[in-house]
Amino acid sequence: VQLQASGGGSVQPGGSLRLSCAASGIIFSIGNMGWYRQPPGMQRESVAVISSGGFTNYAASVKGRFTISRDNAKNTVYLEMNSLKPEDTAVYYCNVVVIDRLGTPRSYWGQGTQVTVSS
């Protein structure tokens, strides 16, 4: 299974970006899909997670500004980021839990995409 993330870039404060992450390979089903980020010099943290049933969970710092969604037909998870702040600057990673036909879950990470918010 491979994850391909895209959509990062540089924006000014208050701007918007949309991240995408597509899973490919032999996939029986997908469980949780999520986005994490690692600011410079800091540990990786959870940003948003969406379950297979569409339930979402957000970090307090992004609630109301970011929206996570998924397209199950395309095995893709999205992160719509609005009202971006300089403190949102980080490398963003997608994470997907793939479940094989025996019901065994395995976690996969994307390669990371840089988001820079600066004036």
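This passage describes the fold, the nonpolar core and a few individual residues of one protein chain.

The structure is a predicted model, in which local features need pLDDT of at least 70, side-chain atom pairs count only at pLDDT 80 or more, and totals for chains, interfaces and linings use all residues. Residues are numbered from 1 along each chain as its sequence is written, and side-chain values use heavy atoms, with hydrogens and water left out.

The protein chain contains 0 helices and 11 strands; here helices (H or I, at least four residues) and strands (E, at least two) are DSSP runs, numbered from the N terminus. The radius of gyration of the chain is 14 Å, close to the 14 Å of the globule rule for 119 residues, so the chain is as compact as a globular protein of that length. This radius is taken over C-alpha atoms, and the rule is 2.2 Å times the number of residues to the power 0.38. Along its principal axes, the C-alpha trace spans about 50 × 25 × 25 Å.

Of the 119 residues, 40% count as buried, where buried means under 20% relative accessible area, exposed over 50%, and partly exposed in between (1.4 Å probe, protein chains only). Contacts, defined by heavy atoms within 4.5 Å, often link distant parts of the sequence: among those with a separation of 6 or more, 52% join residues 24 or more positions apart.

Turning to the interior, the largest nonpolar core has 29 residues, and those with the most contacts inside it are Trp35, Val47, Phe66, Ile68, Leu79, Met81 and Tyr92. Strands giving two or more residues to this core include S1 (2-6), S3 (17-24) and S9 (90-99), and S9 gives the most, with 5 residues. Such a core is a set of buried Ala, Val, Leu, Ile, Met, Phe, Trp, Tyr and Cys residues joined through side-chain atoms within 4.5 Å. Not counting residues up to four places away in sequence, leucine 79 touches ten partners listed as Leu17, Arg18, Leu19, Trp35, Val47, Ala48, Phe66, Thr67, Ile68 and Tyr92.

Three further residues complete the picture. Serine 20 lies in strand S3 and is buried, with a relative accessible area of 18%. Beyond residues up to four places away in sequence, the contacts of serine 20 include Gln4, Trp35 and Tyr78. Asparagine 75 sits in the loop between S7 and S8, has a phi near 50°, a positive value in a residue other than glycine, and is partly exposed at 23% relative accessibility. Serine 83, in the loop between S8 and S9, also has a positive phi near 50° and is partly exposed at 41%.
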